[in-house]
Amino acid sequence: MLALLSAETKTNSLHVKYEWDEQTQGIILSAFYYGYIFTHIPGGLLAQKFGGKHTMGFGILSTALFTLLTPLVAEWGAIPVSVLRFCMGLGEGTTFPALSTLLSQWAPPLERTKLAALVFAGVQIGTVVANVLSGILLEYYSWPTVFYVFG
């Protein structure tokens, strides 16, 4: 999604043209995953201790807030965006451990596999729908709109 920032954008008072090379884009994109891998185990432990609902809620809330801040932080440069993406990954890394805890605690034993399949299929379907919707938003609006809609 961050490759959108380097794409040709309209240049006026509301839109800035970002000319980040491929290496910079790679650093920005990978920053999310570095944060993401750090919170899987702690996210699972937190979900077991405080409940999956709270852990997942906090993770999704933080990710949503960081997503909303992305267009603003992008104006500050590649390093602040990388830090933001790292923090976004920290929040998002708790999602799947919390989902697993939620399913193990809330789903009836005979329905767990069916519910797990629906939940994890929904994640993939959501990704496909988000990519299509992002393209539509980019076509008719500006790149910050993508972050505001999904935030």
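**Figure 1. Helix order in the predicted model.** Along the sequence, the protein runs α-α-α-α-α-α-α. The model is predicted. The protein has seven helices and zero strands. Of its 151 residues, 38% count as buried. The accessible surface comes to about 9300 Å². Carbon and sulfur atoms hold 69% of that surface. Take the contacts between residues at least 6 apart in sequence: 69% of them join residues at least 24 apart.

**Figure 2. The largest nonpolar core.** This core has nine residues. Its aromatic members include Y18, W20, W143 and F147. I28, V73, A74, V81 and L84 also belong to the core. Three helices, α3 (52-74), α4 (78-92) and α7, each supply at least two of the core residues. A separate core of five residues lies apart from this one. Among the members of that second core are A47, M56, A98 and L102.

**Figure 3. A nonpolar patch on the surface.** The patch covers about 790 Å². It is built from V128, V132, L133, I136, Y140, Y141, V149 and F150. Helices α6 (112-140) and α7 (143-150) each give at least two residues to the patch. The largest share, five residues, comes from α6. F150 sits in helix α7. With a relative accessible area of 33%, F150 is partly exposed. The patch takes in residues with over 30% relative accessible area. F150, at 33%, is over that cut-off.

**Figure 4. F38 and F86, an edge-to-face pair.** The protein has six aromatic pairs by count. In one of them, the ring centres of F38 and F86 are 6.1 Å apart. Their planes meet at 65°, so the pair is edge-to-face. The cut-off for that class is over 60 degrees. The pair links distant parts of the chain. F38 belongs to helix α1 (residues 22-38) and F86 to helix α4, and the two are 48 residues apart. F38 is exposed, at 51% relative accessible area. F86 counts as partly exposed, at 29%.

**Figure 5. F96 and F120, a stacked pair.** F96 and F120 form a stacked aromatic pair. The distance is 5.8 Å centre to centre, with 20° between the planes. F96 lies in helix α5 (residues 95-106) and F120 in helix α6, so the pair ties together parts 24 residues apart in sequence. Both rings belong to partly exposed residues: F96 has a relative accessible area of 26%, and F120 has 31%.

**Figure 6. A cluster of aromatic rings.** F32, Y33 and Y36 make up this cluster. Ring pairs link the three residues.

**Figure 7. L61 and L65 in helix α3.** L61 is found in helix α3. L61 is partly exposed, with a relative accessible area of 49%. Along the chain, L61 and E92 are 31 residues apart. Their C-alpha atoms are separated by 9.2 Å. L65 is also a residue of helix α3. At 45% relative accessible area, L65 is partly exposed. L65 and M88 stand 23 residues apart along the chain. The separation of their C-alpha atoms is 8.7 Å.

**Figure 8. L68 and its partners far along the chain.** L68 lies in helix α3. L68 is partly exposed, with a relative accessible area of 34%. Leaving aside neighbours within four places in sequence, L68 is in contact with F147, Y148 and G151. F147 is also a member of the largest nonpolar core. L68 and T145 are 77 residues apart in sequence. In space, the two are 9.5 Å apart, C-alpha to C-alpha.

Technical notes
Residues are numbered from 1 along each chain as its sequence is written. This is a predicted model: local features need pLDDT of at least 70, side-chain atom pairs count only at pLDDT 80 or more; totals for chains, interfaces and linings use all residues. Side-chain values use heavy atoms; hydrogens and water are left out. Patches are made of residues with over 30% relative accessible area and no salt bridge: like charges are joined within 9 Å, nonpolar side chains (Val, Leu, Ile, Met, Phe, Trp, Tyr) within 5 Å. Accessible areas come from the Shrake-Rupley method with a 1.4 Å probe; for residues, only the protein chains shown count as cover. A salt bridge is a side-chain nitrogen of Lys or Arg within 4 Å of a carboxyl oxygen of Asp or Glu. Helices (H or I, at least four residues) and strands (E, at least two) are DSSP runs, numbered from the N terminus. Buried means under 20% relative accessible area, exposed over 50%, partly exposed in between (1.4 Å probe, protein chains only). A nonpolar core is a set of buried Ala, Val, Leu, Ile, Met, Phe, Trp, Tyr and Cys residues joined through side-chain atoms within 4.5 Å. Rings of Phe, Tyr and Trp (its six-membered ring) pair if their centres lie within 6.5 Å; planes under 30 degrees apart count as stacked, over 60 as edge-to-face and the rest as tilted. Contact means heavy atoms within 4.5 Å.
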